[in-house]
Amino acid sequence: MSADVINKAFLATEEDFLALVRKQWLNDPHMASVGSCCLVGIVCSGMLYIANAGDSRVVLGRLDNTYKEVKAVPLSSEHNASVESVREELRSLHPDDPQIVVLKHTVWRVKGIIQISRSIGDAYLKSAEFNRDPLLPKFRVPEPFDKPILSAEPETLVQKLDPEDQFLIFASDGLWEHLSSQEAVDIVNTCPRNGIARKLVKAALREASKKREMRYSDLKKIDRGVRRHFHDDITVIVLFLDFHLISQSYWQGPLVSIRGGVGVSGHSIC
């Protein structure tokens with residue numbers, strides 16, 4: 001296990017998806033506009049590996065022994081054009097394109113279209129071969145380009161886990177739009193573990209309803225498609241850490257740590 005192995009996995013996933021888009025181009029050109037952020041966490045032999053492409057975020061809950069409090073420690077940075085350092089990175093990668101980031105309706109967007117600068121997919125911003133008919137005009141970039149506008153390469157972090165490390169919160173930007181890292185950590189630290197990811201989603205939705213000056217119960221009644229106008233999609237996984245187990249060099253348990261389906265530690269609302 002290494003950062004290089006994870007990086008290669010991201011790029012292999014990207015290549016396979018673009019190959020699928022290419023194969024389906026004439027029958028389903030819309031696939032060229034489909035993309036996803038990708039946030040990965042791996043615990044191996046006492047080490048934590050984080051890889052992120054997009055604007056999801058992982059936060060560590062770490063016990064501060066001095067103040068006996070669990071503090072939030074962000075372990076990833078968002079690749080979103082609203083962040084000045086991301087805009088600077090894009091401008092340095094595309095020095096000949098004055099429109100690489102555009103302020104549109106008070107929101108910074110890459111080419112005036114999308115907020116994220118890294119993703120899996122979004123083929124229409126990766127290869128000029130998809131920037132044409134029959135793709136819908138709203139997804140097309142006016143100027144020709146000869147290198148990918150977005151990147152699939154993740155930003156990685158590798159660090160040793162300590163006994164003070166209590167849990168990890170992995171979540172899409174829909175959660176962080178309404179809860180700060182510390183607010184999320186406080187909820188996880190003070191509530192029962194069972195159903196804690198669902199509780200974080202509920203807390204974010206309550207904040208979203210307050211901002212819209214409406215009741216939470218009324219927000220829940222809105223159809224999911226329409227609800228995207230009220231809040232972004234929210235996906236949350238909470239992973240509790242057992243230092244004694246994760247510090248062992250050999251693990252005899254199952255090869256997968258989280259199985260598919262809705263469990264007590266994972267919940268998603270789209």
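**Two helices, some charges and a few odd backbone angles**

The face of helix α2 turned away from its buried side carries two exposed residues, Glu84 and Ser92. I start there because a helix with two sides is a good way into this structure, which is a predicted model.

Now the other side of α2. Which residues of this helix, which runs from 84 to 93, are buried? They are Val86, Arg87 and Leu90. Around the axis they cover an arc of only 100°, and that puts them on the same side of α2. The general background is that an α-helix has 3.6 residues a turn, so residues three or four places apart point the same way. As for what the buried residues of α2 pack against, the partners are β6, residues 101–104, and β7, residues 107–110.

Helix α4, residues 181–190, can be read in a similar way. Its buried residues are Ser181, Ala184, Val185, Ile187 and Val188. If you look down the axis of α4, these fall within an arc of 160°, so they line one face of the helix.

Next, charges. How many salt bridges does the structure hold? The count is ten. I will go through three of them.

Lys126 pairs with Glu14, and their closest N and O atoms are 2.7 Å apart. Lys126 sits in the loop between β8 and β9, while Glu14 is in helix α1, residues 3–24, so this pair ties together parts that are 112 residues apart in sequence. Are these two residues buried or exposed? Lys126 is buried, at 7% relative accessible area, and Glu14 is buried, also with 7%.

The second pair is Arg22 and Glu129, whose side chains meet at 3.0 Å, N to O. Arg22 belongs to helix α1 and Glu129 to the loop between β8 and β9, so parts 107 residues apart in sequence are tied together here. Arg22 is partly exposed, with a relative accessible area of 41%, and Glu129 is partly exposed as well, with 33%.

The third pair is Lys111 with Glu143, where the closest N and O atoms are 3.1 Å apart. Lys111 is in the loop between β7 and β8, and Glu143 is in the loop between β8 and β9, so the bridge ties together parts that are 32 residues apart in sequence. Asp97 comes in here too: salt bridges that share partners join Asp97, Lys111 and Glu143 into one network. Within this network, Lys111 is buried, at 12% relative accessible area, and Glu143 counts as partly exposed, at 34%.

Now a charge without a partner. Asp122 lies in the loop between β8, residues 120–121, and β9, residues 155–160. Asp122 is buried but has no salt bridge. Why not? The nearest side chain of opposite charge, Lys126, is 5.6 Å away, and a salt bridge needs the atoms within 4 Å. What does Asp122 touch, leaving aside its neighbours within four places in sequence? Its contacts include Ala32, Ser33, Val34, Gly35 and Ser36, as well as Ile114, Ile116 and Leu150.

Then the backbone. Most residues other than glycine have a negative phi, and most peptide bonds are trans. Here are some exceptions.

The peptide bond from Asp133 to Pro134 is cis, with omega near 5°. Pro134 lies in the loop between β8 and β9.

Thr106 is not a glycine, yet its phi is positive, about 70°. Thr106 is in the loop between β6 and β7, and is exposed, with a relative accessible area of 74%. Lys111, from the charge network, also has a positive phi, about 55°, without being a glycine. In contrast to the exposed Thr106, Lys111 is buried.

Last, cysteines. How many disulfides are there? The count is zero. Take Cys37: the closest cysteine sulfur is in Cys38, and it is 8.8 Å from the sulfur of Cys37, too far for a bond. The cut-off for a disulfide is 2.5 Å between the sulfur atoms. Cys37 counts as partly exposed, at 26% relative accessibility, whereas Cys191 counts as buried, at 19%.

To go back over two points: the buried residues of α4 line one face of the helix, and Asp122 is buried with no salt bridge.

Key: Residues numbered from 1 in each chain as written. Predicted model: local features only at pLDDT ≥ 70, side-chain atom pairs only at ≥ 80, totals over all residues. Heavy atoms only, no water. Buried < 20%, exposed > 50% of the residue type's maximum accessible area, 1.4 Å probe, protein only. Helix = DSSP H or I, 4+ residues; strand = E, 2+ residues; numbered from the N terminus. Arc of directions from axis to C-beta. Contact = heavy atoms within 4.5 Å. Lys, Arg positive; Asp, Glu negative; His and termini not counted.
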